Amino acid sequence: VQLQASGGGLVQPGGSLRLSCAASGSGFRINAMGWHRQAPGKQRELVATTTSDGGTDYADSVKGRFTISRDNAKNTVYLQMSSLKPEDTAVYYCEADYIQWDPLVTGRVWGQGTRVTVSS
């Protein structure tokens, strides 16, 4: 199972961006998916998560501004980011918990990261 993230870029404060992350492979099912971020000089932090039945959770710093969603048919998770602030500048990583049938394994996979810069 592999994840491919996209959608990062440069945006002005107050602007919006939408990140996407698609899982690919064969013979698997995705369970929880999420987004994390790592700002320069800081540890990676959890931004938002979504369960397979659509439940969501957010870091306090992004509540009311970011929305996580998923398309299970496409094995894709999205992060809609609005009212962006300079402190949202970071590399954003998607992750997914999966079950693969043959061989039967469970695990977590990470995307390659996409950079978001919020600056005027």
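From the N terminus on, the elements of this chain run β-β-β-β-β-β-β-β-β-β-β, where strands are DSSP runs of E with at least two residues, helices are runs of H or I with at least four residues, and both are numbered from the N terminus. It's a predicted model, so local features need pLDDT of at least 70 and side-chain atom pairs count only at pLDDT 80 or more, while totals for chains, interfaces and linings use all residues. Residues are numbered from 1 along each chain as its sequence is written, and side-chain values use heavy atoms, with hydrogens and water left out.

**Exercise 1. Get a feel for the whole chain.**

Work out how many helices and strands there are in the chain, and what its radius of gyration is.

*Step 1.* Start with the elements: the chain has 0 helices and 11 strands.

*Step 2.* Now the overall dimensions. The C-alpha atoms fill a box of roughly 50 × 25 × 20 Å along the principal axes.

*Step 3.* The radius of gyration (taken over C-alpha atoms) is compared with a globule rule of 2.2 Å times the number of residues to the power 0.38. A compact globule of 120 residues would come out near 14 Å, and the chain has 14 Å, so the two agree.

*Step 4.* Look at what's inside. Of the 120 residues, 42% are buried; buried means under 20% relative accessible area, exposed over 50%, and partly exposed in between, using a 1.4 Å probe and protein chains only.

*Step 5.* Finally, the contacts (heavy atoms within 4.5 Å). Take those with a separation of 6 or more: 55% of them join residues 24 or more positions apart.

**Exercise 2. Follow the disulfide.**

Find which cysteines form the disulfide, and say whether they are buried or exposed.

*Step 1.* A quick reminder: a disulfide is a covalent bond between the sulfur atoms of two cysteines. The cut-off used here is a pair of cysteine sulfur atoms within 2.5 Å.

*Step 2.* The structure holds 1 disulfide. Cys21 and Cys94 form it, with their sulfur atoms 2.0 Å apart.

*Step 3.* Place the two ends. Cys21 sits in strand β3 (residues 17-24) and Cys94 in strand β9, so the pair ties together parts that are 73 residues apart in sequence.

*Step 4.* Check the twist: the torsion about the S-S bond of Cys21 and Cys94 is about 60°, so the disulfide is right-handed.

*Step 5.* Check the cover. Cys21 is buried, with a relative accessible area of 0%, and Cys94 is buried too, with a relative accessible area of 0%.

**Exercise 3. Look around Thr50.**

Locate Thr50 and list its contacts, leaving aside neighbours within four places in sequence.

*Step 1.* Thr50 belongs to strand β5 (residues 45-50).

*Step 2.* Its relative accessible area is 3%, so Thr50 is buried.

*Step 3.* With those neighbours set aside, Thr50 is in contact with Asn31, Ala32, Met33, Gly55, Thr56, Ile68, Arg70 and Val77.

**Exercise 4. Explore the loop between β8 and β9.**

Compare Ser83, Leu84 and Glu87: what is the relative accessible area of each?

*Step 1.* Glu87 lies in the loop between β8 (76-81) and β9 (90-100). Ser83 is found in that loop, and so is Leu84.

*Step 2.* Read off the values. Ser83 is partly exposed at 40%, Leu84 is buried at 2%, and Glu87 is exposed at 55%.

*Step 3.* Beyond its neighbours within four places in sequence, Leu84 has contacts that include Val11, Pro13, Gly14, Leu17, Phe66 and Val118. The C-alpha atoms of Leu84 and Leu17 are 8.3 Å apart, although 67 residues separate them along the chain.

*Step 4.* Turn to Gly14, in the loop between β2 (9-11) and β3. With neighbours within four places set aside, Gly14 is in contact with Ser83 and Leu84.

**Exercise 5. Spot the backbone oddities.**

Which two residues does a cis peptide bond join, and what is the phi of Asn75 and of Ser83?

*Step 1.* The cis peptide bond joins Asp102 and Pro103, with omega about 0°. Pro103 is in the loop between β9 and β10 (105-110).

*Step 2.* Asn75 isn't a glycine, yet it has a positive phi of about 50°. Asn75 lies in the loop between β7 (66-71) and β8 and is partly exposed, with a relative accessible area of 22%.

*Step 3.* Ser83 isn't a glycine either, and it has a positive phi of about 50°.
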